[in-house]
Amino acid sequence: TSLNALLDEFKPDLIQFNFGYEALMVTDNLESRHQKIPMVINFLGYDASFHLQRNSYVRKLKELARRPGVFATCNTSFLKSNLEAKQIHFGINKVIHTGVDIDFFQRTDQSPREKFVFLQIATLAKRKGQEVTIRCFQRFLKTVSQPEKYSLILAGGAEDEYGKHL
């Protein structure tokens, strides 16, 4: 079954893509009757960093961004600024930080602890958004009665001087 036949069958009111390059693979194959379906593209990493080194990719994203009804989100300000630096301007491009659903990870060991440690493992790079983690942790500490019982550890290799800054 072709992509266009599936769209005819499902008649979506909105198409959401995780990653810019996936959006391009699909939109390059849409028949004109489907090109008016509103779309949201979630830029999550390489699609708004590494892949922007390719001129053909940038050109195609610019074309897509000019279409009405095509919107974007980025999971960090860094990724959004990368798109803007390449003159890729979607009608709407919001930064929506992704996180962890802590209700999904229910602890089974509820024994008392002297200290509770939050560990974030990611490359120490501006594009990873550790400043958001630090600000959130600071806000969290203001909500607990004994903030000294909590610590935050950022772990990961440093890509540049940003790791020292953190």
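These questions and answers walk through the nonpolar core, a surface patch and the aromatic rings of a predicted model.

Residues are numbered from 1 along each chain as its sequence is written. Local features need pLDDT of at least 70, side-chain atom pairs count only at pLDDT 80 or more, totals for chains, interfaces and linings use all residues, and side-chain values use heavy atoms, leaving out hydrogens and water.

Visitor: Which helix or strand supplies the largest share of the largest nonpolar core?
Guide: A nonpolar core is a set of buried Ala, Val, Leu, Ile, Met, Phe, Trp, Tyr and Cys residues joined through side-chain atoms within 4.5 Å. Buried means under 20% relative accessible area, exposed over 50%, partly exposed in between (1.4 Å probe, protein chains only). The largest core here has 24 residues. Its largest share, five residues, comes from α3.

Visitor: Which residues does Leu-52 touch, not counting those up to four places away in sequence?
Guide: Leu-52 is among the residues with the most contacts inside the core. Contact means heavy atoms within 4.5 Å. By that rule, Leu-52 touches Asp-47, Tyr-57, Val-58, Leu-61, Asn-82, Leu-83, Lys-86 and Ile-88.

Visitor: Which strand gives the largest share of the nonpolar patch?
Guide: Patch residues have over 30% relative accessible area and no salt bridge (Lys or Arg side-chain nitrogen within 4 Å of an Asp or Glu carboxyl oxygen). Nonpolar side chains (Val, Leu, Ile, Met, Phe, Trp, Tyr) are joined within 5 Å, like charges within 9 Å. Val-117, Leu-119, Ile-121 and Ile-153 make this patch of about 390 Å². Strands are DSSP runs (E, at least two residues; helices are H or I, at least four), numbered from the N terminus, and three of the patch residues come from strand β5.

Visitor: Is Val-117 buried, partly exposed or exposed?
Guide: Val-117 lies in strand β5. Its relative accessibility is 44%. So Val-117 counts as partly exposed.

Visitor: Why is the pair of Phe-116 and Tyr-150 called stacked, edge-to-face or tilted?
Guide: Phe, Tyr and Trp rings (Trp by its six-membered ring) pair if their centres lie within 6.5 Å; planes under 30 degrees apart count as stacked, over 60 as edge-to-face and the rest as tilted. Here the centres are 6.3 Å apart. The planes stand at 50 degrees, so the pair is tilted.

Visitor: Which kind of pair do Phe-140 and Tyr-150 form?
Guide: Phe-140 sits in helix α5 and Tyr-150 in strand β6. Their ring centres are 5.0 Å apart. Their planes are at 85 degrees, so the pair is edge-to-face.

Definitions and conventions:
Accessible areas come from the Shrake-Rupley method with a 1.4 Å probe; for residues, only the protein chains shown count as cover.
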